[in-house]
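Open the model in your viewer and keep the selection box handy. We'll go stop by stop, picking residues and looking at what surrounds them.

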Amino acid sequence: MNEASPFREGWRRLRRHPLALPSLVFLAVTVVLVIVGPWLSPYGYATTDLALSGHGPTARHWLGTDLLGRDLLVRLLYGGRVSFEVALCATAVALVIGVIYGAVAGVCGGWVDSVMMRLVDILYALPFIVLVILLMVFFGRQFVLLFAAIGAVSWLGMARIVRGQVQALRDLDFVSAARALGASPSRVLFRHLIPNVLGPVIAYTTLMIPGVMMFEGFLSFIGLGVQPPMSSWGSLLNDGVREIDEYPWLMLFPGGVFVLTLLAFNFLGDALRDALDPRSKER
C-alpha cells in the first residue's frame with residue numbers, strides 16, 4: 001500500500017480539529033472583506049458628514065457612524081486591511097530574522113551558539129514596548145516603519161524554536177550524508193535543515209500573527225501606531241473607548257471583530273501545531 005503523502009496526512013489531521021475549518025473559513029472571509037469591501041462601499045473611509053455625527057446602525061450605515069459622521073463599516077474594513085498588513089509584514093520580518101538566526105546558532109553550536117543565545121536572553125529581558133516606542137520616536141511614526149519596528153523585536157521566540165529543531169536534526173544521518181558528499185555548511189543549512197523545520201515554523205507563525213496584531217492594536221490604542229485619518233482596529237477601539245457611554249457601537253463592533261479574528265488565528269495555530277507534529281498519532 002502506498003503511504004499517504006505528508007501533505008495529505010497533515011490536511012487530514014487538520015480537518016480532525018473541530019475549530020480548524022471554521023477558523024480558516026472565517027479568516028478567509030474576513031481577508032476578502034477587508035480587501036474588497038472598501039472598494040464596494042459608496043462611502044470613503046475618511047469622508048465626513050457632520051449631519052450624521054454619532055448615528056447608530058441604520059439601513060444606510062449598517063454599523064452606524066462615528067463622531068465625524070464617517071461610516072463605521074468602511075472604517076472597520078479599512079482598519080482591518082491596515083491591521084492585517086502590519087501583522088503580516090511584521091511577522092515576515094520576524095520570521096526571516098528568527099529562522100536565519102536560530103538556524104545559524106543551532107548548526108554552529110559551541111561558543112557561537114552560546115554567544116548568540118545569550119544575546120537573545122538579554123533582549124528577552126528588555127521591555128519590548130519600550131524598544132518599539134524608542135524606535136518609533138527615533139525614526140518617526142511612519143506606517144512602513146511600524147511593522148519593521150514590531151518585527152525587529154518579535155523574532156526571539158522564533159529563533160529559539162528554530163535553534164532547538166536544528167539541534168535535533170543536525171546529527172541525523174541525512175545531514176551527515178550531505179556533509180560526507182561535500183555539501184557546504186550554507187547548503188546543509190538552507191537545503192537540508194531549514195526545509196525540515198518548516199512545520200513548527202508554520203505553526204508558530206500562525207500563533208505569532210495574532211500577537212503582532214495585538215501589539216499593533218496596543219500601539220494604536222495609545223496613539224503610537226497608525227495615525228489619522230488612517231485607521232486600524234486598535235485606533236478604532238481607542239476612539240470607541242472614549243465614547244463608550246454615549247456611543248457603545250463605536251467600540252463593540254471593532255472589538256468584536258478583533259476578538260473573533262484573534263481567536264480564529266489561535267485556534268488555527270493550535271490545529272496546525274497538532275497537524276504538523278510528526279509525533280501525533282491517530283487514535
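Select Asp-113 and Arg-163 and show their side chains: they make a polar contact at 2.7 Å (a polar contact is a pair of N or O atoms within 3.5 Å; within protein, one must be able to donate a hydrogen and the other to accept it, and residues adjacent in sequence count only if both atoms are side-chain atoms). Before going on, note that this is a predicted model, where local features need pLDDT of at least 70, side-chain atom pairs count only at pLDDT 80 or more, and totals for chains, interfaces and linings use all residues. Residues are numbered from 1 along each chain as its sequence is written, and side-chain values use heavy atoms, with hydrogens and water left out.

Asp-113 sits in helix α4, residues 110–125 (helices are DSSP runs of H or I, at least four residues, numbered from the N terminus). Is Asp-113 buried or exposed? Asp-113 has a relative accessible area of 7%, so it counts as buried (buried means under 20% relative accessible area, exposed over 50%, partly exposed in between, with a 1.4 Å probe and protein chains only). Now show what surrounds Asp-113: leaving aside neighbours within four places in sequence, it is in contact with Ala-105, Gly-106, Arg-163 and Gln-167 (contact means heavy atoms within 4.5 Å).

**Next: α3 against α7**

Those four contacts of Asp-113 also turn up where α3 meets α7. Select residues 72–108 for α3 and 156–169 for α7; the two pack at about 35 degrees, with their axes 7 Å apart. Axes here are lines fitted to C-alpha atoms, for helices over the stretch in contact, and angles run from 0 to 180 degrees between N-to-C directions. The α3–α7 crossing is right-handed (the near helix is turned clockwise from the far one by less than a right angle; anticlockwise would be left-handed).

To see the contact itself, light up the α3 side, including Ala-94, Leu-95, Gly-98 and Val-99, and the α7 side, including Met-158, Ala-159 and Val-162. Colour the contact by class and you get eleven nonpolar, four polar and one charged residues. For that colouring, Ala, Val, Leu, Ile, Met, Phe, Trp, Tyr, Cys and Pro count as nonpolar, Asp, Glu, Lys and Arg as charged, and the others, Gly among them, as polar.

Stay in α7 and pick Met-158. Its relative accessibility is 0%, so Met-158 counts as buried. Not counting neighbours within four places in sequence, Met-158 is in contact with Ala-94, Leu-95, Gly-98, Val-99, Val-201, Tyr-204, Thr-205 and Met-208.

**Then: α3 against α12**

Keep α3 on screen and add α12, residues 249–275. This pair packs at about 35 degrees too, with axes 11 Å apart, and the crossing is right-handed. Select Leu-72, Leu-76 and Phe-84 in α3; they meet Trp-249, Leu-250, Phe-253, Pro-254, Val-257, Thr-261 and Phe-265 in α12. This contact divides into nine nonpolar, one polar and no charged residues.

Now zoom in on Thr-261, which is in α12. Thr-261 is buried, with a relative accessible area of 0%. What does its side chain reach at 2.8 Å? Measure from the Thr-261 side chain to the backbone oxygen of Val-257. Residues up to four places away aside, Thr-261 touches Phe-26, Leu-27, Thr-30, Phe-84, Met-213 and Trp-233.

**Over to α11**

Trp-233 is one of the buried residues of α11, alongside Gly-234, Ser-235, Leu-236, Leu-237, Asn-238 and Gly-240. With seven of its ten residues buried, α11 is largely enclosed by the rest of the structure. Show α2 (20–40), α3, α10 (198–221) and α12 to see what the buried residues of α11 pack against.

**Last stop: salt bridges**

The structure holds six salt bridges (a side-chain nitrogen of Lys or Arg within 4 Å of a carboxyl oxygen of Asp or Glu). One is in α11, residues 233–242: Asp-239 and Arg-242 lie three residues apart, about one turn of the helix, and their side chains meet at 3.1 Å, N to O. Asp-239 is partly exposed at 29%, and Arg-242 is exposed at 56%. Elsewhere, shared partners join Asp-66, Arg-70 and Arg-75 into one network. Select Asp-66 and you'll find Arg-70 at 2.8 Å and Arg-75 at 3.8 Å. Asp-66 and Arg-70 are both buried, and Arg-75 is buried as well.
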